[in-house]
Amino acid sequence: MSCHDDECSDDHGLAGQSKLESFLFSCELSSKVPFYTFQGDEEEDLEHFLELRTVCLGEGAKEESNVVEVTAMNHQGKTISVPIANLHISCLPMVSLGEFELKAPVTIRLKAGTGPVTVSGLHLIASQVEESDFSDEDDEDDDDDDDEEEEEEITPIKPAKKKQKQ
């Protein structure tokens, strides 16, 4: 899935258009593999985000609490760890997180329990797009808008006539 958004800009306040691509993300945590670190590529023009959607116990999970936490940067650039799910096979085997978006790097850890726990969501990649890439499309869109405005004739709306009682 790709989209273009005129209102997107990077953290430095540079105006322009950005392209957003999304890819399916999933990792499984267990006592054998208790954490996963999401990094993204190191390319300069790309920003990587992890949008977590669900945390779910897998087949073979035991009758125990499985606590999942994420570690990422807060708005001040400090690392912070937050529990996002406390799953139990008999009462809460899955949690929907909606669209819980974090900027890379992000570490997902099975803080308690043995799992298996599957964490899924979307890997989002935002990149700045050069103005020249859209100049042809924008010109065509502007031409279409002008044509539509010329063709439309606005007819005034008249109030309904009231029936007089006799």
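1. Val117 is a good place to start, because with a relative accessible area of 0% this residue falls under the 20% limit and is buried. The model in which Val117 is seen is a predicted one, and all that follows should be read with that in mind. Val117 belongs to strand β9. Setting aside the neighbours within four places in sequence, its contacts include Cys27, Glu28 and Leu29, and among them are also Val55, Cys56 and Leu57. The list of contacts for Val117 is completed by Asn66, Val68, Leu87 and Leu110. One of these, Leu29, is 88 residues away in sequence, yet the C-alpha atoms of Val117 and Leu29 lie 5.1 Å apart in space.

2. For orientation, the protein chain contains 1 helix and 9 strands, and read from the N terminus the order of elements is β-β-β-β-β-β-β-β-β-α. The chain has 166 residues, of which 31% count as buried. When contacts with a separation of 6 or more are considered, residues 24 or more positions apart account for 75% of them, and the pair Val117 and Leu29, 88 residues apart in sequence, illustrates such a separation.

3. The strand that carries Val117 deserves its own point. In β9, 11 of the 13 residues are buried, so this strand is largely enclosed by the rest of the structure. β9 pairs with β2 in the antiparallel sense over 13 bridges, and with β4, again in the antiparallel sense, over 11 bridges. Individual positions can be followed across both pairings: Lys19 stands opposite Ser127 of β9, while Val55 has Val119 of β9 as its bridge partner.

4. Ser26 offers a view of the β2 side, since this residue is found in strand β2. What is the relative accessible area of Ser26? The value is 48%, and Ser26 is therefore partly exposed, as it lies between the limits of 20% and 50%. Apart from neighbours within four places in sequence, Ser26 is in contact with Thr118, Val119 and Ser120. The C-alpha atom of Ser26 is also separated by 6.4 Å from that of Gly121, although these two residues are 95 residues apart along the chain.

5. Which residues have the most contacts inside the largest nonpolar core? They are Leu52, Val55, Val68, Val106, Ile108, Val117 and Val119, in a core of 23 residues. At least two residues of this core are supplied by each of β2 (17–29), β4 (46–57), β5 (66–73), β6, β7 (94–103), β8 and β9 (117–129). The largest share, 4 residues, comes from β4. As background, nonpolar side chains tend to be buried together in soluble globular proteins.

6. A separate point concerns the open sheet of 4 strands, which are arranged in the order β3-β8-β5-β6 with antiparallel pairing. β3 (35–38) and β6 (79–87) are at the edges and have a single partner strand each, so one side of each is left without a neighbour in the sheet. On average, and with direction ignored, neighbouring strands of this sheet are turned by 20 degrees against each other. At the β3 edge, β3 pairs with β8 (residues 106–112) in the antiparallel sense over 4 bridges, and the bridge partner of Phe38 in β8 is Val106. Val106 is also among the residues with the most contacts inside the largest nonpolar core.

7. Is Glu69 buried or exposed? Glu69, whose place is in strand β5, has a relative accessible area of 10% and is therefore buried. Not counting residues up to four places away in sequence, Glu69 touches Ser81, Val82, Pro83 and Ile84, and also Thr107, Ile108, Arg109 and Lys111. Ile108, one of these, is named among the residues with the most contacts inside the largest nonpolar core.

8. Last, the second largest pocket holds about 200 Å³ of space. Its lining is made up of 11 residues, and those that lie nearest its centre are Gln39, Asp41, Glu42, Leu46 and His48. β4 provides the largest share of this lining, 3 residues, and β4 also provides the largest share of the largest nonpolar core.

Technical notes
Residues are numbered from 1 along each chain as its sequence is written. This is a predicted model: local features need pLDDT of at least 70, side-chain atom pairs count only at pLDDT 80 or more; totals for chains, interfaces and linings use all residues. Side-chain values use heavy atoms; hydrogens and water are left out. Two strands pair if DSSP finds at least two bridges between them. Axes are lines fitted to C-alpha atoms, for helices over the stretch in contact, and angles run from 0 to 180 degrees between N-to-C directions. A nonpolar core is a set of buried Ala, Val, Leu, Ile, Met, Phe, Trp, Tyr and Cys residues joined through side-chain atoms within 4.5 Å. Buried means under 20% relative accessible area, exposed over 50%, partly exposed in between (1.4 Å probe, protein chains only). Contact means heavy atoms within 4.5 Å. On a 1 Å grid over the protein atoms alone, a cavity is a set of points where a 1.4 Å probe fits but cannot get out, and a pocket is an open set with protein on both sides within 12 Å along at least five of seven lines; lining residues have an atom within 4 Å of a point. Grid points are joined across faces, edges and corners, and a volume is the space filled by probe spheres set on the points.
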